[in-house]
Amino acid sequence: MKWQQLLNLIMVRIKQVIGLYAFVLIPMWGMFFLNDVLLFGMWNIFGIVPRAFDVGSMIGVFASWTMHGNFSHLLGNTLTLLQILFLFGLFEKNAYRTVLKLIVASGLVTWVIGSPLSIHIGASGLCFAMLGYMIGGAVFARRWGYLLACIIMGTGYWLTIKQGLMPQQGISFAAHFGGLCAGLLLGANSKHTYSATSQRY
């Protein structure tokens with residue numbers, strides 16, 4: 001890869017990082033304030049209700065990541081996503097498609113394994129799905145970029161996973177565990193595309 005090609009690739013990926021921030025964070029923050037100001041908290045009733053076939057729960061499978069109980073809940077997920085979205089923007093050829101797959105996959109697994117009559121909201125399932133995707137890609141698909149990221153930031157990642165998988169009151173274990181499993185599966189079946197991308201320039 002020539003220097004000009006490498007520079008072009010870096011610029012494309014930086015633009016993708018910025019686009020991912022807008023793609024994920026604007027709906028999260030926008031829906032939080034819209035829900036608080038105009039919807040009187042009613043948006044959150046459309047969270048994931050495991051194995052329920054009503055319209056609200058189906059909406060939750062696709063949109064629960066935009067629902068948050070309070071500002072600290074939103075802020076915590078945002079800080080995690082800022083880091084992971086940066087890595088996704090750098091290492092994924094089509095990061096938007098991957099994020100959409102992880103949203104749906106984590107929502108579906110949460111819907112399948114969650115406790116009956118519970119309701120699951122928040123972007124933490126997506127966070128764990130993205131972490132799982134990185135780990136699965138690094139370990140099983142030999143995605144060297146993700147392997148390096150896991151090594152450098154591994155302590156923080158493993159601490160997040162450990163804390164998130166410990167059953168706690170008010171914390172959705174099903175979303176965390178389901179997201180992690182969904183991400184591991186998708187990541188293990190992913191392939192790096194650096195060479196394919198570089199040939200376009």
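# Helix packing in a predicted all-helix chain

Read along the sequence, the chain runs α-α-α-α-α-α-α-α-α. The model discussed here is predicted.

Colleague: Happy to look at this with you! How many helices and strands does the protein chain have?

Modeller: Following the chain along its sequence gives the pattern α-α-α-α-α-α-α-α-α. No strand turns up in that reading, and the count for the protein chain is 9 helices and 0 strands.

Colleague: How compact is the protein chain for its 201 residues?

Modeller: The C-alpha trace spans about 55 × 35 × 30 Å along its principal axes. For 201 residues the globule rule gives 17 Å, and the radius of gyration is close to that, so the chain is as compact as a globular protein of that length, at 17 Å.

Colleague: What share of the contacts with a separation of 6 or more comes from residues 24 or more positions apart?

Modeller: Let me start with burial: 46% of the 201 residues count as buried. As for the contacts in the protein chain with a separation of 6 or more, the share from residues 24 or more positions apart is 78%.

Colleague: Now to a helix pair. At what angle do α5 and α8 pack, and what is the hand of their crossing?

Modeller: Helix α5 covers residues 124-139 and helix α8 covers residues 173-188, with their axes 6 Å apart. The angle between them is about 35°, and the crossing is right-handed.

Colleague: How do the residues of that contact of α5 with α8 divide into nonpolar, polar and charged?

Modeller: On the α5 side the contact includes Gly-125, Phe-128, Gly-132 and Gly-136, and on the α8 side it includes Ala-175, Gly-179, Gly-183 and Gly-187. Glycine is counted as polar here, which is worth keeping in mind when reading the tally. The contact divides into 9 nonpolar, 9 polar and no charged residues.

Colleague: What span should the 16 residues of α8 have, and what is the distance between its end C-alpha atoms?

Modeller: The reasoning uses 1.5 Å a residue, which gives an expected span of 22 Å for α8. The end C-alpha atoms agree with that, being apart by 22 Å.

Colleague: Which helices are among those that cover the buried residues of α8?

Modeller: The buried residues of α8 are Ala-174, Ala-175, His-176, Gly-178, Gly-179, Leu-180, Ala-182, Gly-183 and Gly-187. What covers them includes α4 (95-113), α5 and α7 (154-164).

Colleague: And α4 itself: what do its buried residues pack against?

Modeller: α4 has 19 residues and reaches 27 Å from its first C-alpha to its last, close to the 27 Å expected at 1.5 Å a residue. Its buried residues include Ala-95, Val-99, Leu-102, Ile-103 and Trp-111. They pack against α1 (3-37), α2 (55-63), α3 (71-91), α5 and α8.

Colleague: Let's zoom in on single residues. Is Tyr-146 buried or exposed, and what is it in contact with?

Modeller: Tyr-146 lies in helix α6 (residues 144-152). Its relative accessibility is 0%, under the 20% cut-off, so Tyr-146 counts as buried. Leaving aside neighbours within four places in sequence, its contacts are Leu-87, Phe-88, Phe-91, Glu-92, Tyr-133, Met-134 and Ala-138.

Colleague: Which residues does Thr-78 touch, not counting those up to four places away in sequence?

Modeller: Thr-78 lies in helix α3. With a relative accessible area of 6%, Thr-78 is buried. The residues that Thr-78 touches are Leu-25, Met-28 and Trp-29.

Colleague: How far apart in space are Phe-140 and Arg-51, C-alpha to C-alpha?

Modeller: Phe-140 lies in the loop between α5 and α6, and at 57% relative accessibility Phe-140 counts as exposed. Arg-51 lies in the loop between α1 and α2, and is partly exposed with a relative accessible area of 38%. The two are 89 residues apart in sequence, and in space their separation is 31 Å.

Colleague: One for the backbone fans: what is the phi of Leu-117?

Modeller: Most residues other than glycine have a negative phi. Arg-51 has a positive value, near 60°. Leu-117 sits in the loop between α4 and α5 and counts as exposed at 84% relative accessibility. Leu-117 is not a glycine either, yet its phi is positive, at about 70°.

How values were computed. Residues are numbered from 1 along each chain as its sequence is written. This is a predicted model: local features need pLDDT of at least 70, side-chain atom pairs count only at pLDDT 80 or more; totals for chains, interfaces and linings use all residues. Side-chain values use heavy atoms; hydrogens and water are left out. Axes are lines fitted to C-alpha atoms, for helices over the stretch in contact, and angles run from 0 to 180 degrees between N-to-C directions. Helices (H or I, at least four residues) and strands (E, at least two) are DSSP runs, numbered from the N terminus. A crossing is left-handed if the near helix is turned anticlockwise from the far one by less than a right angle, and right-handed if clockwise. Contact means heavy atoms within 4.5 Å. The expected span of a helix is 1.5 Å times one less than its number of residues. Buried means under 20% relative accessible area, exposed over 50%, partly exposed in between (1.4 Å probe, protein chains only). The radius of gyration is taken over C-alpha atoms; the globule rule is 2.2 Å times the number of residues to the power 0.38.
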